[in-house]
Amino acid sequence: MSTATAIAARPDVQGRRPGSRLSPPLLIAFALGAFLVLSAVRAFTGGNDLTSSGTVAAGLSAAVPIGLAGLGGLWSERAGVVNIGLEGMMILGTWGCAYLGWDHGAWAGLAFGTLLGAAGGLVHAVATVTFGVDHIISGVAINIIAPGLTLYLTKVTFAHYPGGGQKQSPPINNARSVTLPFSDWLRTIEAKHWFAVSDLAGVLGGLVTRLSLVTVLAALVVAASAWILWRTAFGLRLRSCGEAPYAAESLGVNVYKYKYIAVVMSGALAGLGGAALAISAHQFRDGQTGGRGFIGLAALIFGNWRPGALAAGAGLFGYTDAIQLRSSSAVHPLLLLMAIALALVAIWQWRSGQRVIAMVAVVIAALAVLWYLEADQVPEELVGTTPYVVTILVLGLASQRLRMPKADGRVYRRGEET
């Protein structure tokens with residue numbers, strides 16, 4: 001076995017393969033249990049928006065930009081380059097999509113937004129890989145420059161066109177969407193509000209009604225990334241650059257080339273996420289990303305640098321975002337759901353020996369239950385913070401067995417291993 005292969009296969013400190021996953025039966029059991037808990041909370045609280053097709057569709061749309069940004073971070077960090085400039089690259093993608101999208105259609109805008117995101121990734125690669133600039137400093141610089149640059153370009157480009165302005169573009173036509181024939185039947189069952197059955201119909205209805213082709217493209221990109229990074233020799237070499245670049249170098253791997261490819265691909269995916277956001281909103285607006293690039297990084301960490309779990313994390317954050325956007329009253333039942341989830345986290349952490357974290361989770365769960373019982377609804381001022389609160393709780397309480405790539409964030413210089 002080659003050194004690079006040995007690096008990729010080396011067990012972690014618990015004696016398992018890095019990033020090892022649950023078996024399919026356990027994953028199915030976990031998903032079924034989570035669904036039944038969600039159905040029970042919906043039935044008990046009367047919060048029908050928790051599993052409605054509208055919420056699921058909105059959550060899926062909200063998850064796409066977050067998931068693509070997180071996937072961009074996955075490519076970069078698997079090659080050993082931290083990319084906190086994803087937010088700025090997303091902003092470049094939103095503006096690029098608007099620049100061509102309002103006049104030439106959504107797909108032209110999507111392509112140009114991806115290209116501008118890749119340009120941002122190239123800047124980050126030049127700074128970090130070639131010149132050895134600290135990865136965080138380079139990412140912060142991109143996050144500062146991109147909003148100012150796009151705002152300036154918006155004033156110069158869009159201010160004189162119908163529907164445009166100093167801080168927004170003219171409207172962008174949406175990408176084509178598809179609806180499967182049995183969606184009406186699913187909506188009929190959903191309206192019955194039967195336990196589990198109507199909830200399942202709502203979830204399926206949200207997935208097959210007016211499904212944007214951009215969402216389908218995002219799902220294909222996630223699947224393709226997983227296959228490339230974990231099933232090809234190219235992916236093995238790229239990941240070896242993030243685990244042990246000097247060992248990879250000794251085997252003839254051009255570490256600089258793979259880092260460049262990964263970081264440019266990272267920017268392209270973030271730009272694609274920004275373009276998808278602009279298409280779903282039908283225009284570019286200043287401040288449109290709203291921190292989704294950082295939430296994408298949170299989804300990446302939540303997913304332990306794995307594509308499938310990353311997509312699940314993006315779905316969680318997209319779902320909570322959709323809940324608070326659709327109805328402030330729907331956030332109130334979410335308190336009870338959050339309390340149950342935290343109780344399960346507490347049990348898991350206690351069994352893992354993390355007693356302090358388990359107690360913190362129990363306390364927060366108790367406070368959530370008390371809040372649910374004492375108040376009829378969550379104050380409007382706090383509703384908008386729901387996705388960010390979920391982000392903090394998930395990262396702080398559930399992500400305790402993370403394993404990032406060993407050389408992530410380290411400056412690499414050919415032949416200079418210490």
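In the predicted model, Arg78 and Glu243 form a salt bridge, with their closest N and O atoms 3.9 Å apart. This pair joins distant parts of the chain. Arg78 sits in helix 3 and Glu243 in helix 10, 165 residues apart. Both Arg78 and Glu243 are buried. Glu243 has a further partner, Arg403. The closest N and O atoms of Arg403 and Glu243 are 3.0 Å apart. Arg403 lies in the segment after helix 18 (386-398) and Glu243 in helix 10, so this salt bridge ties together parts that are 160 residues apart in sequence. Arg403 is buried, as is Glu243. Arg78, Glu243 and Arg403 are thus joined in a network of salt bridges.

The structure holds five salt bridges. Another of them pairs the side chains of Asp184 and Arg187, with an N to O distance of 2.0 Å. Both residues belong to helix 7 (residues 183-190). They are three residues apart, about one turn of the helix. Asp184 has a relative accessibility of 47% and counts as partly exposed, because the value falls between the 20% limit for buried and the 50% limit for exposed. Arg187, at 37%, is also partly exposed.

The fold was then examined as a whole. The protein chain comprises 18 helices and two strands. Its radius of gyration is 22 Å, close to the 22 Å that the globule rule gives for 418 residues, so the chain is as compact as a globular protein of that length. The C-alpha trace spans about 65 × 60 × 40 Å along its principal axes. Of the 418 residues, 49% are buried. Among contacts with a separation of 6 or more, 78% involve residues 24 or more positions apart. The chain exposes about 19,400 Å². Carbon and sulfur atoms supply 66% of that area.

The largest nonpolar core has 47 residues. Leu74, Leu238 and Ile279 have the most contacts inside it. Several helices supply at least two residues each, among them helix 3 (53-78), helix 4 (86-104), helix 5 (106-130), helix 9 (213-231) and helix 10 (233-243). Helix 11 (245-250), helix 12 (255-281) and helix 13 (292-302) do likewise. Helix 12 gives the largest share of this core, ten residues. Beyond its neighbours within four places in sequence, Ile279 is in contact with Cys97, Ala106, Leu110, Asn174, Ala175 and Val214. A second, separate core has 14 residues, including Tyr319, Val331, Leu337 and Tyr372.

Cysteines were considered next. Cys97, a contact of Ile279, is buried, with a relative accessible area of 0%. Cys241 is likewise buried at 0% relative accessibility. A search of the whole structure finds zero disulfides.

Leu151 is placed in helix 6 (residues 135-157). Leaving aside residues up to four places away in sequence, Leu151 touches Gln166, Lys167 and Asp286. The C-alpha atoms of Leu151 and Gln168 are separated by 8.6 Å. These two residues are 17 residues apart along the chain.

Backbone angles draw attention to the loop between helix 13 and helix 14 (307-326), where Asn304 lies. Most residues other than glycine have a negative phi. Asn304, in contrast, has a positive phi, near 55 degrees. Asn304 is buried, with a relative accessible area of 16%, because that value is under the 20% limit. Trp305 is placed in the loop between helix 13 and helix 14 as well. Trp305 is not a glycine, yet its phi is positive, at about 60 degrees. At 5% relative accessibility, Trp305 counts as buried.

Conventions
Residues numbered from 1 in each chain as written. Predicted model: local features only at pLDDT ≥ 70, side-chain atom pairs only at ≥ 80, totals over all residues. Heavy atoms only, no water. Core = buried A, V, L, I, M, F, W, Y, C linked by side-chain atoms within 4.5 Å. Buried < 20%, exposed > 50% of the residue type's maximum accessible area, 1.4 Å probe, protein only. Helix = DSSP H or I, 4+ residues; strand = E, 2+ residues; numbered from the N terminus. Contact = heavy atoms within 4.5 Å. Disulfide = S-S within 2.5 Å. Rg over C-alpha atoms; globule rule 2.2 N^0.38 Å. Areas by Shrake-Rupley, 256 points an atom, 1.4 Å probe, with all protein chains shown as cover. Salt bridge = Lys/Arg side-chain N within 4 Å of Asp/Glu carboxyl O.
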